[in-house]
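Work through the following exercises with the sequence and the model side by side, and try each task before reading its solution.

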Amino acid sequence: MEPTVPTRSATWNPTVSVVIPTVGKPGLRRAVESVLAQTHPVAEVHVVLNSDRDVDIPGDPRVRLTRYVERRNGNAARMAGVRKCTGDLVAFLDDDDTWQPTKIERQVRDVTEAGLAGSSTWISSTSVRVEFDDSSEIWPRAPYDPRRSLENNLLRRHRVRRGQAFLPSSTLLFPRSLPTTVPLDEELSLHQDLTWLLQLSRNVPGLVVRQLSDALVTYDATGEGISRSISLARELDWARDHLRSSTPRDRGDYYLGSVMAYARREGGVGPMVRVLSEGLRVGRPGAPAVGYACGAIASGLLKAVASGVRRPRRRGTEVTAGAEVRQ
């Protein structure tokens with residue numbers, strides 16, 4: 001797709017449509033209310049319900065409920081909403097996240113000041129306050145580097161700690177033509193936003209990514225989201241399929257960072273060692289990713305040692321004295 005020539009416009013006042021895919025989570029009403037409270041008023045809010053249940057949403061005329069009966073994934077619901085949008089720009093919001101009141105206004109102002117008003121090849125994001133069960137963190141820890149590609153920003157690890165590249169769907173604002181030109185994968189069941197961003201990076205020449213440093217989105221990491229149901233096997237299948245064209249450094253960093261996190265969650269040192277081995281074989285990870293992977297494996301070994309207990313010798317069994325079991 002040929003990029004549109006950017007123009008500067010101090011009076012650019014684009015209309016904004018919002019798409020909220022949902023299965024009817026309790027936080028839905030709060031999410032919709034955060035959209036309606038924007039200081040840059042939104043023109044319409046398409047709540048795409050992937051469920052038969054009744055939902056609690058505000059009675060604002062801008063809120064349009066669509067019951068998506070096919071019951072497929074979040075991307076299918078997002079695309080169903082996009083097809084109904086009439087605004088110049090589209091924003092996504094998940095049903096368990098919320099926006100700060102100035103989120104859209106700040107993004108529109110930033111895009112305008114960057115000279116991108118009228119362009120069709122940009123995407124805007126913000127930093128995020130990630131809420132855990134007993135704490136919160138601001139992600140991404142490292143600012144987006146416009147000198148590098150979107151793919152490189154998403155996959156490469158520059159620090160050992162978690163919370164590196166982070167552009168979740170709830171932060172995204174973009175021209176309505178973008179998901180028409182590069183549609184979201186409606187068959188994908190994991191990493192839906194990451195996959196779309198990688199596709200944009202690879203298929204939209206001249207793509208510009210803007211990311212505000214202020215945390216204008218609250219991201220709920222306490223619930224049982226899709227990411228928590230992803231097994232290590234599915235994560236490895238995704239990485240093998242979608243990172244084949246990535247650079248060795250980016251591919252290796254993703255394996256030893258993100259894939260390693262799934263291996264760590266699955267428990268046991270064996271899966272982590274296998275991920276380390278594959279990551280070193282298919283990529284050339286940098287020092288921060290290697291540091292994270294080695295730290296994860298070391299932590300797993302310490303836990304294994306700490307949980308080892310000596311089973312007492314029992315008469316009439318085949319367990320010999322000194323045999324150890326793990327609880």
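**Exercise 1. Describe the packing of helix H7 against helix H8, beginning with the residues that meet**.

Solution. Begin with the contacts, taken as heavy atoms within 4.5 Å: on the H7 side they involve Leu232, Glu235, Leu236, Trp238, Ala239 and Arg240, and on the H8 side Tyr254, Tyr255, Ser258, Val259, Tyr262, Ala263 and Glu266. By class, these residues comprise 9 nonpolar, 1 polar and 3 charged, where Ala, Val, Leu, Ile, Met, Phe, Trp, Tyr, Cys and Pro count as nonpolar, Asp, Glu, Lys and Arg as charged, and the others, Gly among them, as polar. The model is a predicted one, in which local features need pLDDT of at least 70 and side-chain atom pairs count only at pLDDT 80 or more, whereas totals for chains, interfaces and linings use all residues. Residues are numbered from 1 along each chain as its sequence is written, and side-chain values use heavy atoms, with hydrogens and water left out.

Next take the geometry: H7 (residues 232-242) and H8 (residues 248-266) pack at an angle of about 165°, and their axes are 9 Å apart. The two helices are therefore roughly antiparallel, a label given to angles over 145 degrees on a scale running from 0 to 180 degrees between N-to-C directions. Finally, the crossing of H7 and H8 is left-handed, which is to say that the near helix is turned anticlockwise from the far one by less than a right angle.

**Exercise 2. Which strands pair with strand S6, and in what sense****?**

Solution. Helices (H or I, at least four residues) and strands (E, at least two) are DSSP runs, numbered from the N terminus, and two strands pair if DSSP finds at least two bridges between them. S6 (residues 122-131) is joined to S7 by 4 bridges, and these two strands run antiparallel; a hairpin of 4 residues connects them, and Glu131 has Ser136 in S7 as its bridge partner. S6 is also joined to S9 by 10 bridges, here in the parallel sense, with Val128 partnered by Val217 in S9. To follow S9 (residues 208-220) further, note that it pairs with strand S5 (residues 98-99) in the antiparallel sense over 2 bridges, where Thr98 stands opposite Thr218.

**Exercise 3. Sort the residues of strand S7 by face, and then follow the chain into the loop after the strand**.

Solution. In a regular strand the side chains alternate between the two faces of the sheet. In S7 (residues 136-139), Glu137 and Trp139 make up the covered face, while Ser136 and Ile138 make up the uncovered one. Moving on along the chain, the peptide bond between Trp139 and Pro140 is cis, with omega about -5°, and Pro140 belongs to the loop between S7 and helix H4 (150-155). Most residues other than glycine have a negative phi, and most peptide bonds are trans.

**Exercise 4. Are the loop residues Asn50 and His191 buried or exposed****?**

Solution. Buried means under 20% relative accessible area, exposed over 50%, and partly exposed in between (1.4 Å probe, protein chains only). Asn50, in the loop between strand S2 (44-49) and strand S3 (63-67), has a relative accessible area of 13% and so is buried. Although Asn50 and Ala77 are 27 residues apart in sequence, their C-alpha atoms are 7.1 Å apart in space. His191, in the loop between helix H5 (178-181) and helix H6 (192-203), is likewise buried, because its relative accessible area is 15%; its phi is near 50°, a positive value in a residue other than glycine.

How values were computed
Angles under 35 degrees count as roughly parallel, over 145 as roughly antiparallel, 65 to 115 as roughly perpendicular and the rest as oblique.
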